[in-house]
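This report describes helix packing, an aromatic contact and the record annotations of one protein chain. The sequence and the structure are shown first.

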Amino acid sequence: MTPVEWAILAFVLGCAFATALLRDVLASIIAFAAYSLGIAVVWLLLRAPDVGLTEAAVGAGVTTVLFLLTIAKTVRPAGDDLFVDIDVTALGVSGLLVAALATTLSALPAVGSASTPVATSRVTNYYLENAYTETEVENAVTAVLAAYRGFDTLGEAVVVFAALIGLLVVLDRGVLA
């Protein structure tokens with residue numbers, strides 16, 4: 001990993017711990033929004049900009065707005081403590097889960113490696129060789145998303161549109177009138 005990747009990883013982990021441990025709900029929401037932005041950068045580093053943009057829009061944007069609206073309509077807990085008490089059992093279970101998942105990391109291929117199963121599969125080669133002639137779209141990723149997986153992309157667009165409508169309803173029912 002590069003120093004930038006280590007820095008992003010440390011930032012994401014720090015934001016995750018802050019989100020879980022901060023007692024103040026507003027500070028926790030801000031930490032969660034920063035976490036989502038960090039994850040969006042991770043997706044960019046993994047060469048998945050579409051997923052990164054979605055994470056930034058939904059995770060850091062829409063979710064943060066919904067959380068802020070929620071705490072605006074609720075009562076903040078009393079107390080001066082900055083952090084919540086840690087449940088040692090839950091922390092142990094979480095640590096075991098992370099350790100179990102971390103054991104799978106060595107089985108993953110390097111990011112961008114030409115020898116990954118995805119890069120060498122015949123499906124990938126088919127799309128790269130035939131995407132332009134069959135769809136007349138110059139970008140292979142766009143051809144896959146819009147032509148080959150059109151119904152899947154339509155379903156994703158419907159979900160995002162429904163989330164947007166839900167957000168507008170929560171923000172102000174009069175916006176749609």
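Where does UniProt place the feature "transmembrane region"? The unreviewed entry gives residues 6–22, 29–46, 52–72, 84–108 and 157–176. The coordinates discussed here belong to a predicted model.

**Annotated spans**

The same topic includes a domain record: UniProt, again in an unreviewed entry, lists "domain: MrpA C-terminal/MbhD" at residues 11–74. The table sets out the computed content of this span and of two of the spans annotated as transmembrane region.

| Span | Helix | Strand | Distance between end C-alpha atoms |
|---|---|---|---|
| Residues 11–74 | 88% | 0% | 29 Å |
| Residues 29–46 | 94% | 0% | 25 Å |
| Residues 84–108 | 60% | 0% | 36 Å |

**Packing of H1 and H2**

Helix H1 covers residues 3–21 and helix H2 covers residues 25–45; their axes are 8 Å apart and the packing angle is about 155°. Angles over 145 degrees count as roughly antiparallel, and H1 and H2 are therefore roughly antiparallel to each other. Their crossing is left-handed. On the H1 side, the contact is made by Glu-5, Ile-8, Phe-11, Val-12, Cys-15, Ala-16, Ala-18 and Thr-19. H2 contributes Ser-28, Ala-31, Phe-32, Ala-34, Tyr-35, Gly-38, Ile-39, Val-41, Val-42 and Leu-45. By class, the residues of this contact comprise 14 nonpolar, three polar and one charged.

**Packing of H6 and H7**

H6 and H7 pack with their axes 9 Å apart, at an angle of about 65°. Because angles of 65 to 115 degrees count as roughly perpendicular, H6 is roughly perpendicular to H7. The crossing of H6 and H7 is left-handed. From H6, the residues Tyr-126, Tyr-127, Leu-128, Asn-130, Ala-131, Glu-134 and Thr-135 meet Ala-140, Ala-143, Val-144, Ala-147 and Tyr-148 of H7. This contact of H6 with H7 divides into nine nonpolar, two polar and one charged residues.

**Aromatic pairs**

A pair of aromatic rings is described by the distance of the centres and the angle of the planes. The model has four aromatic pairs. One of them joins Tyr-127 and Tyr-148, with 4.6 Å from centre to centre and 40° between the planes, a tilted arrangement. Tyr-127 lies in helix H6 (residues 122–135) and Tyr-148 in helix H7 (residues 140–148), so the pair ties together parts that are 21 residues apart in sequence. Tyr-127 and Tyr-148 are also among the residues through which H6 and H7 meet.

Conventions: Residues are numbered from 1 along each chain as its sequence is written. This is a predicted model: local features need pLDDT of at least 70, side-chain atom pairs count only at pLDDT 80 or more; totals for chains, interfaces and linings use all residues. Side-chain values use heavy atoms; hydrogens and water are left out. Axes are lines fitted to C-alpha atoms, for helices over the stretch in contact, and angles run from 0 to 180 degrees between N-to-C directions. Helices (H or I, at least four residues) and strands (E, at least two) are DSSP runs, numbered from the N terminus. Angles under 35 degrees count as roughly parallel, over 145 as roughly antiparallel, 65 to 115 as roughly perpendicular and the rest as oblique. A crossing is left-handed if the near helix is turned anticlockwise from the far one by less than a right angle, and right-handed if clockwise. Contact means heavy atoms within 4.5 Å. Ala, Val, Leu, Ile, Met, Phe, Trp, Tyr, Cys and Pro count as nonpolar, Asp, Glu, Lys and Arg as charged, and the others, Gly among them, as polar. UniProt positions are given in the numbering used here, feature names are shortened, and annotations may be inferred rather than shown by experiment. Rings of Phe, Tyr and Trp (its six-membered ring) pair if their centres lie within 6.5 Å; planes under 30 degrees apart count as stacked, over 60 as edge-to-face and the rest as tilted.
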